[in-house]
Amino acid sequence: MPIIIKSDEEIEIMHEAGRILAEVLELLQAEVRPGLIILDLDTIVKEEYLRRDVVPTFLGYQGYPAHVCVSVNEEIVHGIPGDRALQDGDIVGIDLGLTHKGFVADSALTIGVGQIGQEKQRLIDTTYQSLWAGIRAAQPGARLSDISHAVQTCAEPEGYSLVREYVGHGIGRDMHEDPRVPNFGLPDRGPVLKKGMVLALEPMVNMGDWRTKKHDDGWTVSTLDGSLSAHFEHTVAITEHGPMVLTLRSDEQELAAALEQPAEVRS
Ligand code: MF3
Ligand code: CO
């Protein structure tokens, strides 16, 4: 399928969707603490979406039974909220999607529960940096695999591996549109990025091997070797001036502002 180009008006709607999503994700982030029952996050999303009159994109998607995906420790993505309680030292990935005026926004983050050690924090920080390396590569005129390559070359030197069986994606009226956006690969391959493309970039980084396994619940994906995994995701529009993060959170203003600097003065 071709990559669907969005008009300025459509991107503005997706930006509205992204702002609402970021707000709810920040609410969830603030709830995370030892003892929290994961299903409570799902309830919060349900209520906040009703209040904001947006549609839970994940619920019912290919039969997915919840509003949010919550993936703990060696779980990579697509964890189903249940009665498990978060524990001190866990790392937890929260992945959220919503549909607003017919357009989807998709974003995820990973945070520590209570006190986590340096080793876990380094995995989280590196995964976040690899997302932003991918975002910085999402320039009009660059090619798709420049994003993939930027993500990979950020995380691999730290000794981590990039999940291969799950990838980022185009996003718009559908949550998953073309193109697929792998988190590894050689640069300068694939379609040229153009104004009006919108991509969900989502590196999944494992401390150990990149291989995965799916649980019997049909959804939860874990590392095959049981090592920890982290996941971050943003919905990003390609504009004539460069990448624009539609799901930006309030703590990310500075990173976004730096995107507007010419490449030479960027650190
Ligand atoms: N962010 C995930 C993705 O892009 C969310 C999908 S979960 C599902 O694939 F339940 F909706 F499938
Ligand atoms: Co996604």
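Select Lys 101 to begin, and the view should centre on the loop between β4 and β5 (103-112), where helices (H or I, at least four residues) and strands (E, at least two) are DSSP runs numbered from the N terminus. The model is a predicted one, in which local features need pLDDT of at least 70 and side-chain atom pairs count only at pLDDT 80 or more, while totals for chains, interfaces and linings use all residues. Residues are numbered from 1 along each chain as its sequence is written, chains are lettered from A and ligands numbered from 1 in the order in which they are written, and side-chain values use heavy atoms, with hydrogens and water left out.

**Backbone turns and a cis bond**

Lys 101 has a phi near 50 degrees, a positive value in a residue other than glycine, and at 55% relative accessibility Lys 101 counts as exposed; here buried means under 20% relative accessible area, exposed over 50%, and partly exposed in between (1.4 Å probe, protein chains only). Most residues other than glycine have a negative phi, and most peptide bonds are trans. Move next to His 78, in the loop between β3 (75-77) and β4, which has a positive phi of about 65 degrees although it is not a glycine and which is partly exposed, with a relative accessible area of 24%. Then select Asp 178 and Pro 179, where the peptide bond from the one to the other is cis, with omega near 0 degrees; Pro 179 is found in strand β8.

**The cobalt ion**

Select ligand 2, the cobalt ion, and display its protein donors, Asp 106 (OD), His 169 (NE2), Glu 202 (OE) and Glu 233 (OE), which lie 2.1 to 2.3 Å from it. Donors are N, O and S atoms within 2.8 Å of the metal (3.2 Å for Na, K and Ca), and water is not among the atoms, so sites may look incomplete. Along the chain these donors follow the spacing D-x62-H-x32-E-x30-E. His 169 in strand β7 (residues 168-170) and Glu 233 in the loop between β13 (229-231) and β14 (234-239) are a pair that links distant parts of the chain, 64 residues apart. His 169 counts as buried at 5% relative accessibility, and Glu 233 counts as buried at 0%.

**Helix α2**

Colour residues 38-52, which form helix α2; its 15 residues reach 22 Å from the first C-alpha to the last, close to the 21 Å expected at 1.5 Å a residue, the expected span being 1.5 Å times one less than the number of residues. Its buried residues are Ile 38, Leu 41, Asp 42, Ile 44, Val 45, Glu 48 and Tyr 49. They cover an arc of only 160 degrees around the axis, which puts them on the same side of α2, the arc being that of the directions from the helix axis to the C-beta atoms. On the other side of α2, Leu 50 and Arg 51 are exposed. The buried residues pack against α1 (8-31), β1 (55-56), β2 (68-72) and β4 (91-100), with contact meaning heavy atoms within 4.5 Å. Just after α2, Asp 53 takes a positive phi of about 60 degrees.

**The nonpolar core**

Now select Leu 28, Val 92, Leu 96 and Ile 147, which touch the most other members among the 58 residues of the largest nonpolar core; such a core is a set of buried Ala, Val, Leu, Ile, Met, Phe, Trp, Tyr and Cys residues joined through side-chain atoms within 4.5 Å. Helix α3 (residues 118-137) gives this core its largest share, 8 residues. Apart from it lies another core, of 15 residues, among them Ile 11, Ala 66, Trp 219 and Leu 246. Ile 147 is also one of the buried residues of helix α4 (residues 144-155), and those buried residues pack against α3, β6 (161-162), β8 (177-181), β9 (198-201) and β10 (204-206).

**Thr 223 and Ser 229**

Finish at Thr 223 in strand β12 (residues 221-223), which is buried, with a relative accessible area of 0%. Its side chain reaches the backbone nitrogen of Gly 226 at 3.2 Å and the backbone oxygen of Ser 227 at 2.7 Å. Among the residues that Thr 223 touches is Ser 229, which lies in strand β13 and is buried, with a relative accessible area of 4%. The side chain of Ser 229 reaches the backbone oxygen of Val 205 at 3.2 Å.

Conventions
Polar contact = N/O pair within 3.5 Å; in protein donor to acceptor, adjacent residues only side chain to side chain. Lists of a residue's contacts leave out its neighbours within four places in sequence.
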